[in-house]
Amino acid sequence: MQGTFYVVGVGPGDPGLMTLKAARILEKCDVWFAPSAFEHGESMALNIVSGEVSQKGKKILTHHFPMKPVHRDKEPDPEVNGAWQKAAKIIVDCLKAGSDVAFPTLGDPAIYSTGFYVWETLQKSGADIKVKIIPGVSAIGATSAAAELPLCLGDERLIVIPATFENGQMREVLAHSDTVVFMKVHKVMDKLVKLLDELGLVDNAVLVERTSLGDQKIWKNIRDTVGKDIHYFSTLLVRKQ
Ligand SMILES: C[S@@+](CC[C@H](N)C(=O)[O-])C[C@H]1O[C@@H](n2cnc3c(N)ncnc32)[C@H](O)[C@@H]1O
């Protein structure tokens with residue numbers, strides 16, 4: 001019988017934030033197909049899982065997905081698309097051979113996750129396969145918890161956005177929401193501090209680096225981040241109230 005493909009959200013880093021359901025699915029799957037951001041590099045998602053579920057008897061396949069921007073209104077970069085296609089083919093082969101395959105992904109699969117791109121590639125391929133998405137704790141919620149700041153209360157509006165200065169959206173977003181969550185901020189913190197300062201919002205911002213991990217760092221004064229090497233696992237919360 002053909003196996004099932006599971007995209008499993010494994011939380012933001014602390015294995016204790018992985019759900020019981022995620023752990024059970026990973027335990028039952030014989031193949032773990034783990035994404036890695038760097039060629040021959042380690043998989044953060046796999047590291048999180050390994051803190052909670054034994055790898056014994058599992059076939060572990062690590063697959064490199066290049067970290068290049070994806071614009072939903074444009075064709076994906078050929079290298080990125082190639083990685084999705086290759087992943088989809090390997091997964092389909094495993095499923096056809098009767099294995100259940102788990103794709104552990106950082107945080108929640110619904111938020112900027114490679115897991116959903118692979119899911120989409122499988123859908124478009126027309127392959128007749130069973131797929132299940134298992135939600136996880138996103139870095140968004142974990143950052144809010146670490147900063148002890150709610151995301152939205154009452155009738156407030158929340159916007160989540162990758163911190164890209166490419167299309168000039170950030171000012172507009174800041175003007176039209178009560179809370180903004182900026183992800184992928186690590187390379188643009190200096191620019192973000194400047195923009196927020198200009199808008200009088202710099203004191204409403206908190207940056208959390210490596211949320212939920214042992215070396216988590218909370219920057220309550222984001223001016224202190226200027227000129228610093230900020231980790232890729234960093235999320236910035238701007239709350240107007
Ligand atoms: C490709 S997105 C993945 C988001 C993930 N699917 C989620 O639900 O959290 C990567 C971005 O998530 C955020 N992120 C992931 N893990 C984090 C952590 N432990 N602490 C802070 N931010 C994190 C950062 O903004 C990072 O640039």
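This tour moves from the whole chain to its two domains, then to the ligand, the core, one helix and one loop residue.

**The whole protein**

Begin with everything displayed, keeping in mind that the model is predicted. The protein holds seven helices and ten strands, and its C-alpha atoms fill a box of roughly 60 × 40 × 35 Å when taken along the principal axes. A compact globule of 241 residues would have a radius of gyration near 18 Å, and the protein has 19 Å, which agrees. If you colour by burial, buried residues make up 37% of the 241 residues. Among contacts between residues at least 6 apart in sequence, 71% join residues at least 24 apart.

**The two domains**

Next, select residues 4-134 as domain 1 and residues 139-239 as domain 2, and give each its own colour. Their C-alpha centres lie 27 Å apart, and where the domains meet, seven residues of domain 1 are in contact with ten residues of domain 2. On the domain 1 side, the residues that touch domain 2 are four nonpolar, two polar and one charged by class.

**The ligand**

Now select the ligand and the 22 residues around it, of which Gly107, Ser138, Ala139, Met183 and Thr211 come nearest. Where does the ligand shell lie with respect to domain 1 and domain 2? Because domain 1 and domain 2 both give residues to this shell, it lies between them. Helix 5 (139-147) and strand 10 (234-239) each supply at least two residues of the shell. Coloured by class, the shell shows ten nonpolar, nine polar and three charged residues.

**The largest nonpolar core**

Hide the ligand and turn to the largest nonpolar core, which has 60 residues; those touching the most other members are Tyr6, Val8, Leu26, Ile91, Val101, Ala102 and Phe103. The largest share of this core, seven residues, comes from helix 3, residues 78-96. Since domain 1 and domain 2 both give residues to the core, it lies between them. In soluble globular proteins, nonpolar side chains tend to be buried together.

For a closer view, centre on Ile91 and show its surroundings: leaving aside neighbours within four places in sequence, Ile91 is in contact with Phe5, Phe33, Val101 and Leu122.

**Helix 5**

Return to helix 5, which you met at the ligand as a supplier of shell residues. Is helix 5 largely enclosed or largely open? Seven of its nine residues are buried, so helix 5 is largely enclosed by the rest of the structure. To see this, select the buried residues, namely Ala139, Ile140, Ala142, Thr143, Ser144, Ala146 and Ala147. Then show what covers them, which includes strand 6 (158-162), strand 7 (179-183), strand 8 (205-209), strand 9 (217-219) and strand 10. Just past the helix, stop at Glu148, whose phi is positive, near 55°.

**A loop residue to finish**

Last, select Asn221, which lies in the loop between strand 9 and strand 10. Is Asn221 buried or exposed? Asn221 is exposed, because 12 other C-beta atoms lie within 10 Å, and a residue counts as exposed at 12 or fewer. With Asn204 also selected, a distance label between the two C-alpha atoms should read 9.1 Å, although Asn221 and Asn204 are 17 residues apart along the chain.

Definitions and conventions:
Residues numbered from 1 in each chain as written. Predicted model: local features only at pLDDT ≥ 70, side-chain atom pairs only at ≥ 80, totals over all residues. Near = placed C-beta within 6 Å. Helix = DSSP H or I, 4+ residues; strand = E, 2+ residues; numbered from the N terminus. Nonpolar A, V, L, I, M, F, W, Y, C, P; charged D, E, K, R; others polar. Domains from an automatic or database assignment. Core = buried A, V, L, I, M, F, W, Y, C linked by C-beta atoms within 7 Å. Buried ≥ 20, exposed ≤ 12 C-beta atoms within 10 Å, placed from the backbone. Contact = placed C-beta atoms within 7 Å. Rg over C-alpha atoms; globule rule 2.2 N^0.38 Å.
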